[in-house]
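Please look through the sequence and the model shown below before reading on. The report that follows is meant to be read with both in view.

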Amino acid sequence: MSYQVQTINKLLTIVDNVVDDIFNDNITVYELSLALNDLYPKMMYHHRSTLVYTKTIKWFIATGQKLKGEYYPSEVKWDEEAAQEFMYEIQNYFSEYHLNKANFALQEDRNTKSLSKYLNELTGHYGRLLFVRVDLHYRMDGIGEKSIDNFNEYRKVLLKRIEKRNGCFKDLLGYAWSLEQGYENDCGLHCHLVLIYDASKHHKESYLGQIVGAKWVSIIKGQGHYFNASNPNYVKRFEKQGKRGVGRIHRNNENEVQNAIRTSSYLTTKKDKYEQRLKARLPSMRTFGHGEFDVSWRRGIKR
């Protein structure tokens, strides 16, 4: 078994997968010994007390420290006997592992209900809305320690631009976002973004998705890319199924409204949401959010 660690997020994802494999009996003692010899010294070297890690990462570190804490990580050798002991010790977290997954599912359910309420308020208030969806990716070169910090700063800059509602965010009536960490390729951080515009002033959702994506690339100084999920070529397959959830949405068309809400709920209801959760974050770093409906600038709202 070979582990190629190019970025800190790749390292965290592989460690998370190894712990998950232990709890689900998907890894042999021999494979675990190879993993520990490669991952343990790297995880200990790159561990930061200023970050909040997922439980799986904490358990990996705690178990390693319990068994080999008196040695320098680079000097530790994990033979099959030591790996077997590691596997035995980490099983002490088995019950907490399942509880942690259940709690994550409950939080995503709360997020889904909050987002659905917000979207229902918007679609019930305006006759026509234009839904735009775009995925914003951040590329990390090397295993730099500040990649998560940088991504968080870029995210805050983006949200400030959105809240000011100028430039490509002019005539924006609502928005929602969620942060994830991929589990393939470089395991990079990315943001799923839904933007809801005044359809009386905008009608080209693909163009808006493109310029918003370009704005993101500008913010991150070219260190990443975007995927325009409002592109006609991508949307076409959903239109054929009668499930198009972006573009112009009319309040009196229930099918359009429900498709838009279902498509936007992708932010919180993906099947692999748990696998793509952030493995490390800053203490104050949120991973999901949306705008407010009851605001003074919204027409027809009495304060």
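What follows is a report on the fold, the pocket, the charged and aromatic contacts and the backbone of this chain.

**Basis and overall picture**

This is a predicted model, in which local features need pLDDT of at least 70 and side-chain atom pairs count only at pLDDT 80 or more, while totals for chains, interfaces and linings use all residues. Residues are numbered from 1 along each chain as its sequence is written, and side-chain values use heavy atoms, with hydrogens and water left out.

The secondary structure of the protein chain comes to 10 helices and 8 strands, where helices (H or I, at least four residues) and strands (E, at least two) are DSSP runs numbered from the N terminus. Taken along the principal axes, the C-alpha atoms of the chain fill a box of roughly 70 × 40 × 35 Å. Of the 303 residues, 49% count as buried; buried means under 20% relative accessible area, exposed means over 50%, and partly exposed lies in between, with a 1.4 Å probe and protein chains only.

One pair of residues gives a sense of distance within the chain. Glu163, which has its place in helix H6 (residues 147–164), is 90 residues from Pro73 in sequence and 46 Å from Pro73 in space, C-alpha to C-alpha. Glu163 is partly exposed, with a relative accessible area of 47%.

**The largest pocket**

A pocket is an open set of points on a 1 Å grid over the protein atoms alone, where a 1.4 Å probe fits and protein lies on both sides within 12 Å along at least five of seven lines; lining residues have an atom within 4 Å of a point. The largest pocket has a volume of about 640 Å³, a volume being the space filled by probe spheres set on the points, which are joined across faces, edges and corners. Of the 26 residues that line the largest pocket, Phe104, Arg277, Leu278, Arg281 and Thr287 are the closest to its centre. The elements that give two or more residues to this lining are strand E1 (52–53), helix H3 (55–68), helix H5 (94–125), strand E3 (172–181) and helix H10 (266–269), and H5 gives the most, with 6 residues. By character, the lining divides into 9 nonpolar, 9 polar and 8 charged residues; here Ala, Val, Leu, Ile, Met, Phe, Trp, Tyr, Cys and Pro count as nonpolar, Asp, Glu, Lys and Arg as charged, and the others, Gly among them, as polar.

**Charged contacts**

The structure holds 14 salt bridges, each being a side-chain nitrogen of Lys or Arg within 4 Å of a carboxyl oxygen of Asp or Glu. The table lists some of them.

| Salt bridge | Closest N to O |
|---|---|
| Lys42 and Asp38 | 3.0 Å |
| Asp272 and Lys270 | 3.7 Å |
| Glu256 and Arg244 | 4.0 Å |

Glu256 lies in helix H9 (residues 254–264) and Arg244 in the loop between helix H8 (232–240) and strand E6 (247–250), so this pair ties together parts that are 12 residues apart in sequence. Glu256 is buried, at a relative accessible area of 15%. Lys42 and Asp38, by contrast, are 4 residues apart in helix H2 (residues 29–46), and are therefore separated by about one helical turn; Lys42 counts as partly exposed, at 27% relative accessibility. Asp272 and Lys270 are both buried, and they are linked with Glu180 and Lys273 in a network of salt bridges.

**Aromatic contacts**

There are 13 aromatic pairs in the structure, counted where rings of Phe, Tyr and Trp (its six-membered ring) have their centres within 6.5 Å, with planes under 30 degrees apart called stacked, over 60 edge-to-face and the rest tilted. The rings of Tyr138 and Tyr154 have centres 5.7 Å apart and planes at 65°, so the pair is edge-to-face. Because Tyr138 lies in strand E2 (residues 128–138) and Tyr154 in helix H6, the pair ties together parts that are 16 residues apart in sequence. Tyr138 is buried at 4% relative accessible area, and Tyr154 is buried at 15%. Elsewhere, Phe23, Trp59, Tyr93, Phe94 and Tyr97 form one aromatic cluster.

**Backbone**

Most residues other than glycine have a negative phi. Asp25, although not a glycine, has a positive phi of about 55°; Asp25 is in the loop between helix H1 (8–23) and H2, and counts as exposed at 68% relative accessibility. Asp171, also not a glycine, has a positive phi of about 65°, and is found in the loop between H6 and E3.
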